[in-house]
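Biologist: I have some questions about how the terms are applied here. Can we go through them one by one?

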Amino acid sequence: MELPVIDLAPFLEASPEFPDDSDQPLDPDLQRICSEVSRVLKQTGALLVKDPRCSASDNDRFLDMMERYFAKPTDFKRLQQRPHLHYQVGVTPEGVEVPRSLVDEEMQQKIKQMPEEFQPSPTVGPDLKWRYMWRVGPRPSNTRFKELNAEPVVPEGFPEWKENMDSWGHKMISAVEAVAEMAAIGFGLPKDSFTSLMKMGPHLLAPTGSDLQQYGSEGVVFAGYHYDLNFLTIHGRSRFPGLNIWLRNGTKVEVKVPIGCLLIQTGKELEWLTGGECLAGMHEVVVSSRTTEAIKLAKEQNRSLWRVSSTLFAHIASDAVLKPLGHFTNSPSANKYSAIYAGEFVEQELSVINLKGKSNN
Ligand SMILES: O=C(O)CCC(=O)C(=O)O
Ligand SMILES: [Fe+2]
């Protein structure tokens with residue numbers, strides 16, 4: 001299935017003309033695009049967008065740097081790991097993060113009931129992907145959730161690191177904010193319903209790095225079946241395919257992100273705010289036949305065999321309360337989403353997937 005690509009440009013151009021408190025009706029064309037955004041997010045848990053502010057060359061600069069980083073020896077990369085900070089800054093080596101499907105019995109039951117062709121690839125242990133966490137945007141000076149006060153980690157020998165990470169990170173957040181406003185309008189909520197809760201959120205630029213030289217055979221699982229615990233995830237293009245997503249109707253789809261486009265995925269915090277009407281998108285990263293074709297081509301062209309994702313996790317602010325918003329309080333499953341501080345919710349989720357409450361060194 002081809003996901004539609006939504007061009008954010010018309011919305012961005014018109015946006016300054018309709019401030020948050022405007023009671024003017026929205027231009028019907030823009031209203032239609034916003035309704036399309038919310039409909040696609042609900043039906044597929046994913047959305048392809050084009051944002052004129054995030055170019056393919058920005059994405060390439062970021063990928064080039066991260067490929068160079070992940071190709072460094074393991075001993076070098078381990079200097080950037082901070083297990084005592086739950087890996088929320090610096091590097092997470094392969095073999096640490098546990099896919100939700102491995103530890104969540106309810107999820108395992110649901111998987112068993114899926115038709116075989118749509119079942120996720122079986123996982124036997126922690127993910128084989130590496131990851132780098134880089135905080136983006138301001139944090140609150142006064143918060144109940146202090147975990148993210150740690151200094152950012154910059155690897156030696158990368159003078160361009162901070163500038164590249166901040167620049168790509170801010171661009172991705174801007175794209176998520178536009179989508180969040182469009183989704184709010186599409187859901188019939190005030191435009192800033194989500195973005196006001198995102199202010200000062202613990203947003204993380206969190207590229208994954210998967211070693212296709214070592215683990216490039218078909219069927220290898222880099223990230224087992226899971227949902228993202230944050231609000232919305234945005235990915236630039238990866239140079240290697242491998243991401244499978246599950247649509248609301250249960251079908252499994254291998255995602256193709258066109259050049260210059262970004263992929264948005266719904267996370268658990270959005271599910272909470274919509275009382276379960278917009279579910280967190282399930283996904284996995286597995287070496288497919290398309291991945292092995294891309295590996296062959298990369299070898300011929302002498303390119304890096306690290307599969308890097310340009311992922312950013314956009315969050316709701318830790319001190320904001322997650323609960324169904326507006327008319328979503330009346331949705332049939334709203335009672336499953338009782339009010340909880342976003343920070344408390346995140347801590348609970350991180351401990352399930354092995355990133356908090358344990359030392360993994
Ligand atoms: O590597 C990717 O493409 C996505 C990985 C992923 O699902 C995640 O980082 O949560
Ligand atoms: Fe994910």
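Biologist: In this predicted model, what makes the sheet of β7, β12, β9 and β10 an open one?

Modeller: The order is β7-β12-β9-β10, with antiparallel pairing. β7 (221–226) and β10 (252–254) each have a single partner strand, so one side of each has no neighbour in the sheet. These two strands are the edges. The average twist from one strand to the next is 25°.

Biologist: How do you know that β7 and β12 pair?

Modeller: Pairing takes at least two bridges. β7 and β12 (residues 283–286) have 3 bridges, in the antiparallel sense. They therefore count as paired. His226 lies opposite His283 of β12.

Biologist: What puts His283 in the shell around ligand 1?

Modeller: The test is a C-beta atom, placed from the backbone, within 6 Å of the molecule. His283 is among the residues around ligand 1, as are Asp228, His235 and Val285. Thr208, Ala223, Ser238, Leu243, Ser309 and Thr311 are listed there too. By class, that shell has 3 nonpolar, 6 polar and 1 charged.

Biologist: Why are α2 and α7 called roughly perpendicular?

Modeller: The range for that term is 65 to 115 degrees. Helix α2 (residues 28–44) and helix α7 (residues 161–186) pack at about 95°, so the term applies. Their axes are 7 Å apart.

Biologist: Which residues make that contact of α2 and α7?

Modeller: From α2 come Ile33, Cys34, Ser35, Val37, Ser38, Arg39 and Leu41. From α7 come Val179, Met182, Ala183, Ile185 and Gly186. The classes are 8 nonpolar, 3 polar and 1 charged.

Biologist: Why are α3 and α7 called oblique instead?

Modeller: Roughly perpendicular ends at 115 degrees, and roughly antiparallel needs over 145. Helix α3 (residues 56–70) crosses α7 at roughly 135°, so the pair counts as oblique. The axes come within 10 Å. The crossing of α3 and α7 is left-handed.

Biologist: What makes up the contact of α3 with α7?

Modeller: α3 gives Asp58, Arg61, Phe62 and Met65. α7 gives Asn164, Trp168 and Lys171. That contact holds 3 nonpolar, 1 polar and 3 charged residues.

Definitions and conventions
Residues numbered from 1 in each chain as written. Chains lettered and ligands numbered in written order. Predicted model: local features only at pLDDT ≥ 70, side-chain atom pairs only at ≥ 80, totals over all residues. Nonpolar A, V, L, I, M, F, W, Y, C, P; charged D, E, K, R; others polar. Axes fitted to C-alpha atoms, helices over the stretch in contact; angles between N-to-C directions. Helix = DSSP H or I, 4+ residues; strand = E, 2+ residues; numbered from the N terminus. Contact = placed C-beta atoms within 7 Å. Left-handed = near helix turned anticlockwise from the far one by under 90°.
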